[in-house]
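Student: Before I use the terms in this description, I would like to see the reasoning behind each of them. Could we take them in turn?

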Amino acid sequence: MSEKLEKARLYEIEEAKNIPQEEKPAFHVSAPVGWINDPNGFSVFKGKVHLFYQYHPYSRDWGPMHWGHSVTEDMIRWEQLPTALAPDQEYDREGCFSGSAIEADGKQALIYTGVTTEKLPDGKEEVRQNQCLAWGDGKDYVKAEKNPIVTGDMLPEKCSRVDFRDPKVWEDNGTYHMLVGCRSEEIPGQVVLFSSKDLKEWKFETILAENSTGEIGVMWECPDFFPLGDKYVLICSPQHMRAKGYEFHNGHNSLYFTGDYDSEKHTFEKDAPVSLDYGLDFYAPQTTKLPDGRRILIAWMKSWDACVIPDGQKWQGMMTLPRELRYMNGRLYQNPVEELKQYRKNPCCLKDQEISGTVQFDEVRGRMLDLTVEIENGQFDEFCLELAHNMEYTTTYTYNRKKQIMEVDRTCCGVTKDVICRRIWKVTEGKETLKLRFILDRQSIELFVNDGEQVVTTAICTPMEADEIVFSCDGKAKVNVEKYEIVV
């Protein structure tokens with residue numbers, strides 16, 4: 001074990017003792033100390049689900065990237081494992097950036113982007129991002145002797161050596177495939193494909209997809225690619241997009257393309273991009289396939305340009321609840337993993353409740369909840385739900401029935417920074433009822449609309465005593481409410 005890795009492991013053990021567990025999420029992966037961002041290496045190894053993540057243990061700000069590590073048997077209860085990777089080699093001394101993991105030859109292989117600098121002929125230094133390999137037993141990892149295994153020199157001439165990162169690796173019929181985010185002098189966003197028989201020797205295959213119109217950001221980070229239903233799905237996270245109606249927002253987006261893939265010719269005919277999440281805090285999603293066939297997605301629950309945490313908090317960053325993906329009716333559906341139901345307690349069901357003006361129910365409150373509200377068509381224009389609410393704090397969800405739009409507003413959730421607090425999205429028209437399923441943890445609210453047609457992820461920093469739920473309507477509406485406490 002290198003000195004840098006040992007230092008990180010010892011540091012996180014000691015510093016974690018100073019962080020009260022009650023201020024951490026109960027059932028979302030969060031930073032043990034310091035900072036985390038992108039999920040990495042989301043995979044199954046020896047019967048357990050592993051999640052690694054971008055990690056800087058020494059402050060709650062982004063810094064030289066390590067790989068943190070958590071493991072679970074049910075995707076709800078997570079165990080913190082020691083730091084898996086540290087930037088301790090010449091080829092990754094500037095950071096061990098994002099990547100993936102796969103089981104091979106009885107071992108767990110981690111494939112990540114190693115970042116270093118190279119001196120140019122004019123004496124200037126320039127960043128180089130290449131793909132690297134480490135082998136391990138599910139806890140301890142040894143980097144390959146011949147790293148990096150894939151370099152920018154293997155790309156077409158005009159592709160960037162600076163922005164070439166986030167490898168996603170999978171196996172198909174005895175061949176390993178690697179998809180990596182990239183860009184070129186002409187094309188601001190691309191994903192490139194490589195293949196290998198042994199994870200060690202790789203060859204370039206093709207540019208699988210690219211931002212040919214220039215409208216989809218400037219760099220496609222964290223790509224993922226997999227079959228689902230009768231389609232293939234390409235997920236990526238473009239940087240620096242401009243808003244486009246209700247579908248995309250300014251900044252860093254995460255989106256998906258569906259399409260048809262020819263595995264022999266390595267061609268992907270993609271449809272138009274669609275947002276993966278319409279909330280304020282969602283980026284860099286990654287998926288894995290479970291032994292039972294389910295495709296599960298997890299993402300970083302944050303925005304690069306927002307900092308929604310209390311000032312004195314010593315840790316920064318958490319992941320979304322793992323979500324099962326389905327492809328139906330021409331779109332991607334996301335829903336909380338079924339395992340969450342094992343932790344639901346104290347059910348409360350209210351049927352055909354009339355909401356007119358402002359209404360609260362004594363039995364409908366709490367901050368760690370699985371809450372479903374079905375709003376039937378009625379005589380109203382606006383319907384509003386306020387969660388994590390008291391006289392000082394609230395996070396508001398407003399449904400405008402005439403315009404068929406919804407808005408989330410966390411302005412009064414406790415934020416003290418000048419960050420984005422409102423977002424609007426278009427809901428599917430023609431529904432007899434609007435079904436809203438909220439999953440609340442201590443620092444987050446995830447909304448699943450109409451059985452997962454849309455998802456809206458938002459981080460909050462509201463004290464736990466704000467636990468009221470308020471219904472309001474400018475006319476009359478009937479609702480059905482189903483509430484469970486989540487006890488982990």
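Student: Why is Met 241 called buried?

Tutor: In this predicted model, Met 241 has 5% relative accessibility, and since buried means under 20%, the residue falls on the buried side of the cut-off. Met 241 belongs to the loop between strand 14 (231–238) and strand 15 (255–262). Beyond its neighbours within four places in sequence, its contacts include Glu 215, Ile 216, Phe 248 and Leu 255.

Student: What makes Gln 108 count as buried, and where is Gln 108 found?

Tutor: Gln 108 is found in strand 6, and its relative accessibility is 1%; set against the limit of under 20%, that value makes Gln 108 a buried residue. Leaving aside neighbours within four places in sequence, Gln 108 is in contact with several residues, among them Ser 43, Phe 45, His 50, Trp 135 and Tyr 141.

Student: How do you know that the side chains of Gln 108 and Tyr 141 are joined by a polar contact?

Tutor: The two side chains come to 2.5 Å, and a polar contact requires a pair of N or O atoms within 3.5 Å, one able to donate a hydrogen and the other to accept it; the pair is accordingly listed as a polar contact.

Student: Why is strand 7 described as largely enclosed?

Tutor: Strand 7 covers residues 125–136, and 9 of its 12 residues are buried, so the strand is largely enclosed by the rest of the structure.

Student: What makes strand 7 a paired strand, and which strands does it pair with?

Tutor: Pairing requires at least two bridges, and strand 7 is joined to strand 6 (residues 107–119) by 12 bridges and to strand 8 (residues 141–143) by 3 bridges, with an antiparallel run in the pairing with strand 6 and likewise in the pairing with strand 8. Individual positions show this: Glu 118 stands opposite Glu 126 in strand 7, while Trp 135 has Val 142 of strand 8 as its bridge partner. The hairpin of strands 6 and 7 has 5 residues between the strands, and there Gly 123 takes a positive phi near 95°; in the hairpin of strands 7 and 8, with 4 residues between the strands, Gly 138 takes a positive phi near 100°.

Student: How do you know that Asp 74 has no salt bridge?

Tutor: A salt bridge needs a side-chain nitrogen of Lys or Arg within 4 Å of a carboxyl oxygen of Asp or Glu, whereas the nearest side chain of opposite charge to the buried Asp 74, that of Arg 77, is 5.5 Å away. The side chain of Asp 74 does reach backbone nitrogens: that of Ile 76 lies 2.9 Å from one of its polar atoms, and that of Arg 77 is reached at 3.0 Å. Asp 74 itself lies in the loop between strand 3 (66–72) and strand 4 (78–85), and beyond its neighbours within four places in sequence it is in contact with Glu 339, Gln 342 and Tyr 343.

Student: What makes strand 18 and strand 22 edge strands in their sheet?

Tutor: The open sheet has 4 strands in the order 18-19-21-22, with antiparallel pairing. Strand 18 (283–289) and strand 22 (331–336) each have a single partner strand, so one side of each is left without a neighbour in the sheet. From one strand to the next, the twist averages 35°. Strand 19 (residues 295–300) and strand 21 (residues 323–328) are antiparallel over 3 bridges, which satisfies the requirement of at least two.

Terms used. Residues numbered from 1 in each chain as written. Predicted model: local features only at pLDDT ≥ 70, side-chain atom pairs only at ≥ 80, totals over all residues. Heavy atoms only, no water. Helix = DSSP H or I, 4+ residues; strand = E, 2+ residues; numbered from the N terminus. Buried < 20%, exposed > 50% of the residue type's maximum accessible area, 1.4 Å probe, protein only. Lys, Arg positive; Asp, Glu negative; His and termini not counted. Contact = heavy atoms within 4.5 Å. Axes fitted to C-alpha atoms, helices over the stretch in contact; angles between N-to-C directions.
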